[in-house]
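Please look through the sequence and the coordinates together before reading on. The explanation moves from the whole chain to a single helix and its surroundings.

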Amino acid sequence: MSSNANAKIQRKNELYEIGPGFWNVRGRFRMFAQKVDVGTHMSIVRLSDGNFVIFDTVALDDHLKEQINRLTDNGNRIEGVIGTHSFHTRSF
């Protein structure tokens, strides 16, 4: 997990803390016969009770899954996942 100071150039499938209680991940989303990566993102927000809500989703590799599990107590602290657009539901 990287802090905001290191987030100027975000690598794909890496969890970045953008600000207090807010994390973001940039992911790949390929279109046009898989030839163009238009990109996508996922955000994780810590709620006031310490639990989390995830907005949108990206495909998880083992590294990203480990980062999210470490942040959310193996997913036990995730209250919900919200997809704001149909493209973001492809990784549910």
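The paragraphs below treat the overall layout first and the helix afterwards.

This is a predicted model, in which the protein chain contains 1 helix and 7 strands. Followed along the sequence, these elements are arranged as β-β-β-β-β-β-α-β, with the helix standing between the sixth strand and the last one. Of the 92 residues of the chain, 33% count as buried, where buried is taken as under 20% relative accessible area. The accessible surface comes to about 5900 Å², and carbon and sulfur atoms contribute 50% of that area. Among the contacts in the chain with a separation of 6 or more, 39% are accounted for by residues 24 or more positions apart.

The helix, H1, covers residues 62-71, and within it Leu64, Gln67, Ile68 and Leu71 are buried. These four lie on the same side of H1, because they cover an arc of only 95° around the axis. The general geometry is familiar: an α-helix has 3.6 residues a turn, so residues three or four places apart point the same way. The face of H1 turned away from this buried side carries Asp62 and Arg70, both of which are exposed.

What do the buried residues of H1 pack against? Their partners are three strands, namely S2 (22-27), S5 (40-46) and S6 (52-55). Just after H1, the backbone at Asp73 takes a positive phi of about 55°. Taken together, H1 has one side with buried residues that pack against strands S2, S5 and S6, while the face turned away from that side carries exposed residues.

Note on methods
Residues are numbered from 1 along each chain as its sequence is written. This is a predicted model: local features need pLDDT of at least 70, side-chain atom pairs count only at pLDDT 80 or more; totals for chains, interfaces and linings use all residues. Side-chain values use heavy atoms; hydrogens and water are left out. Helices (H or I, at least four residues) and strands (E, at least two) are DSSP runs, numbered from the N terminus. Buried means under 20% relative accessible area, exposed over 50%, partly exposed in between (1.4 Å probe, protein chains only). Contact means heavy atoms within 4.5 Å. Accessible areas come from the Shrake-Rupley method with a 1.4 Å probe; for residues, only the protein chains shown count as cover. The arc is that of the directions from the helix axis to the C-beta atoms.
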